Number of protein chains: 2
Amino acid sequence: MNAAEATLTEHMQGSGDREDGGVPLLAVGQHLNGPLLDHAEGQHFLKEAFQIILEEALCQGTDNKEKQVCEWRDPEELRTMLDLELRDGGESHDQLLRRVRDVAKYSVKTNHPLFFNQLFAGVDYHALAGRFLTETLNTSQYTYEVAPVFVLMEDVVLSQLRSLVGWEEGDGIFCPGGSVSNMYAINVARYRAFPQVKLKGLWAVPRLAIFTSQESHYSVCKGAAFEGIGLENVFLVNVDERGCMIPEDLDLKIELARMQGAVPFLVSATSGTTIQGSFDPLDRIADVCEKHGLWMHVDPGGGSVLLSKRHRHLIKGIERADSVTWNPHKMLLTGLQCSVFLLKDTTNLLKRCHCANATYLFQQDKFYDVSLDTGDKSVQCGRKVDCLKLWLMWKALGTQGLEKRVDKAFANTRYLVEEMKKREGFHLVNEPQFVNVCFWFIPPSLRGVEDGEEYRERLSKVAPTIKERMMRKGSMMVGYQPQKGRVNFFRMVVLSPQISQEEMDFFLDEIERLGKDL
Amino acid sequence: MNAAEATLTEHMQGSGDREDGGVPLLAVGQHLNGPLLDHAEGQHFLKEAFQIILEEALCQGTDNKEKQVCEWRDPEELRTMLDLELRDGGESHDQLLRRVRDVAKYSVKTNHPLFFNQLFAGVDYHALAGRFLTETLNTSQYTYEVAPVFVLMEDVVLSQLRSLVGWEEGDGIFCPGGSVSNMYAINVARYRAFPQVKLKGLWAVPRLAIFTSQESHYSVCKGAAFEGIGLENVFLVNVDERGCMIPEDLDLKIELARMQGAVPFLVSATSGTTIQGSFDPLDRIADVCEKHGLWMHVDPGGGSVLLSKRHRHLIKGIERADSVTWNPHKMLLTGLQCSVFLLKDTTNLLKRCHCANATYLFQQDKFYDVSLDTGDKSVQCGRKVDCLKLWLMWKALGTQGLEKRVDKAFANTRYLVEEMKKREGFHLVNEPQFVNVCFWFIPPSLRGVEDGEEYRERLSKVAPTIKERMMRKGSMMVGYQPQKGRVNFFRMVVLSPQISQEEMDFFLDEIERLGKDL
């Protein structure tokens, strides 16, 4: 008896299930004759759950007559109501369906036309069908053998996105969110400049420096910390009054970094900043990158403007970038998560940078073209399929339908801005470049009051108070934040194709109602 | 007119839509009066797509009478059949439903009882219902205000998982896959040892060293490269003949690293290695970590044995670890992606390590307890909700039901192994410790042939050929790989609760059928 068998015998003896005379096998009180799972029963549950999802999360959740974006409960109350605890025994069919209903009921309805709180909103039903199918098929996007349809589909979608960027060739991959895509940019740019980092770590190279604007997304900093480069080696380039990177300051900061002994390798420009939706001047940034020989990455909160003939000038110069992050889960409504990292490279840089050549997945003696086993381009192993939802939606709408969606968001934003200008209490932080509308609401008591410390102190409390009131009422959702010297202001993101004048008028009226006594 | 207005006027003029006399607003040919999206039509599509998903992906996909795990097509043929290209115009309702059907038809049925190819398999209908609901609610797991239910739920699930590990307190987070969870371990352990890395990068500290076994998952290496530490600074500790880390060699390698001028900071032990399913001796590894003051991480491919009173001894000592990765998307069947990173720390290390304090998400002047805004613990920004599927399944089965599932997988494995021993052509690589059964199939022509170069050469071609035949036939799926001196052998993973003796007998017969002429 070898060690393994000894251990196994021990289990059996411990459990008292050992069979007489024979090798110590099965036993252990299991019904080996049948599966542990009843498909018919399971499918029955799934059908009933689907009905509840339709009613609670989709019909009610998207009906603006309900004016109920959320059903606010304080955390302690909600915790008790939901009975979240996990126990030894299971629950009944009906009890579980009630749980599905409760989760839907007390969750925020991000599909609702009055949800303006994040950079995502709304629902696309074709994408949602694609998501259900993805979940059901439950495969991992690493080899052709387990994901034949999705390997080919990812390739087509990436190629289509690249061609919108303006590249005939290149590479890319779907990542779990835009932050990870931006981290890929850091790693790939670093690998191109200093391939030895992969083997030897950062100790083999001089201190490296990254450049991005003061208003860029925080993921560039998080990525730099995570990848061992450090926050202090991210140089924050100044922006103009509209939040766009100043190329002359980029040039200066690059020189400054060099004077401090660091080696610049990456500039991350932003097209559609998180708060103000500002577009960095890509062409001029590309000039600076070329001058200094740096990798240019573009992180486009607003990548989808590439789909619009009318608005794509905002992102002019993007074709000169080395890599681009694009998040269709934002403006295109594919649903979370759907982010791509695209690059212009045609030398297999992405795979060379990330590969580990695991023998159990990426066997070289397979009977099909193993270049289709794309998983080694990723730093993940199992990777969720994120392309189907985008592909199916694109098939449904066509490129023209997607373009209309982008144009509609711009038009809605325009309407909102012009309406704000007609109303006394609304004060824009800046004229919007994109679908982010940043504004202060000045309540009646503060109108005409002189700007000063006391004024700002009072104004800074207006947005949080209105926000609390709208949440408790559940009528709508919009975010706020301070920024640099500016006290708390609202950031309204107008991107869902399901909104119309009615919702925007309601929004403005509701802000006035909620803030009239402040 | 300011710059923004000038730009806007330009758009309008460019498009010829400028309205006479007024401010240049809306126009741009958009129907502002209504939404761009018809909910009734969308929901109708979703209902029909759901029916197809039920029929094609669930009923047929799980029916072992079909014996059709995949419907193999060579890449070029499949590409043509699927018509993946994205065009300007959209497609009709019926055409889109056909697309849903085609995607399901040509995808691998990982839910099928004869799918043994990866470390995931099978379907749990409660988890699937949770996944549909997650997709529909489409929110991001970063703040209580947009994810009230899921913030509280994640907390409960993490706490329950920690208590199975053996910790009364601690912290944790859901990550997009086990590789990312392991990367978290590297970053958090590094931050505890050298907090200055976050600000100053790796140049501020000496060369660091990580230790993991030769048979550990490749994500430890990928993570080390991604996080700037470098592959050469991952010391691969020897394993015994069963694939388990040798603690004495760990101790030696730590000394060796020090002699080479590196600073050890992290040991990543494996409980359930990827290929052989081996369990490193955690208690003895914990002794070594304590002796040297190193962070101990456990990456358990087989974390779910913690649920089994009968088998949890395999993972004894895990409570002494500082952090643990656990992937319920494997043995527990929650579906991809569902991975957690758990840690014992109670000093908010995870958040301190990763936080960036973005003002637009994590305002400190909110009206609720902002410690519930857990998003800054993550290196992601938007983060998919991954807890609901696990929670709902757990509510359905109870801890006891999950335990039964784990025990059943072990019992199935036992049955299979004993059956293999009765058949002439099957030769085990090792007695399995877990649900991975590694074996060679020796075809009749090779039986009795003397071991030697020619024998190995011929044997190495058996698994790839049988694999090709089973794929083209679509009868079942199982993986193979070489490992160290061993030529290609099969790795069969027996984890789905929906399999029974019938499937295992079929599997063995089918291997014999497919390989009898080799």
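# A tour of the two-chain model

Start by selecting helix H16 of chain A: its buried residues (under 20% relative accessible area, with exposed meaning over 50% and partly exposed in between, for a 1.4 Å probe and protein chains only) are A:Glu503, A:Met504, A:Phe506, A:Phe507, A:Leu508, A:Glu510, A:Ile511, A:Leu514 and A:Gly515. This is a predicted model, in which local features need pLDDT of at least 70 and side-chain atom pairs count only at pLDDT 80 or more, while totals for chains, interfaces and linings use all residues. Residues are numbered from 1 along each chain as its sequence is written, chains are lettered from A and ligands numbered from 1 in the order in which they are written, and side-chain values use heavy atoms, without hydrogens or water.

Stay on H16, residues 501-515 of chain A. The helix has 15 residues and spans 21 Å from its first C-alpha to its last, close to the 21 Å expected; that expectation is 1.5 Å times one less than the number of residues. Helices (H or I, at least four residues) and strands (E, at least two) are DSSP runs, numbered from the N terminus.

**The annotated lysine**

Next select A:Lys330. UniProt, in an unreviewed entry, places the feature "modified residue: N6-(pyridoxal phosphate)lysine" here. UniProt positions follow the numbering used here, feature names are shortened, and annotations may be inferred rather than shown by experiment. A:Lys330 lies in the loop between strand S7 (323-326) and strand S8 (339-343) of chain A. Is A:Lys330 buried or exposed? With 18% relative accessibility, A:Lys330 counts as buried. Show its contacts (heavy atoms within 4.5 Å): apart from neighbours within four places in sequence, they are A:Leu119, A:Phe120, A:Gly301 and A:Leu495.

**Salt bridges**

Side chains of opposite charge can pair when their charged atoms come close. Taking a salt bridge as a side-chain nitrogen of Lys or Arg within 4 Å of a carboxyl oxygen of Asp or Glu, the whole structure has 98 over all chains.

- Select A:Glu457 and A:Lys461, whose side chains form a salt bridge at 2.7 Å, N to O. A:Glu457 is partly exposed at 44%, and A:Lys461 is partly exposed at 49%.
- Move to B:Asp373 and B:Lys366, joined by a salt bridge at 2.7 Å, N to O. Both B:Asp373 and B:Lys366 are buried.
- Then take B:Lys421 and B:Glu418, with a salt bridge at 3.6 Å, N to O. They sit three residues apart in helix H13 (residues 387-422) of chain B, so about one helical turn separates them. B:Lys421 is partly exposed at 37%, whereas B:Glu418 is buried at 5%.
- Finally, select A:Asp83, A:Glu85, A:Arg87, A:Glu91, A:Arg99 and B:Lys395, which are linked in a network of salt bridges.

**Cysteines**

A disulfide is a covalent bond between the sulfur atoms of two cysteines. With a cut-off of 2.5 Å between cysteine sulfur atoms, the search finds zero disulfides over all chains. Select A:Cys387: the closest cysteine sulfur, in A:Cys338, is 8.3 Å from its own, too far for a bond. A:Cys387 is buried, at 0% relative accessible area. In chain B, the sulfur of B:Cys353 is 8.7 Å from the closest cysteine sulfur, in B:Cys355, also too far for a bond. B:Cys353 is buried at 4%.

**The two copies**

Now show both chains. A turn of 180 degrees and a shift of 0.0 Å along the axis lay chain A on chain B with an RMSD of 0.0 Å, superposed by least squares on the C-alpha atoms of residues with pLDDT of at least 70 in both. The two copies are therefore related as by a two-fold rotation axis. To locate the axis, select A:Glu227, whose C-alpha is the nearest to it in chain A, at 1.9 Å. The same surface serves both copies, as 100% of the contact residues of chain A recur in chain B.
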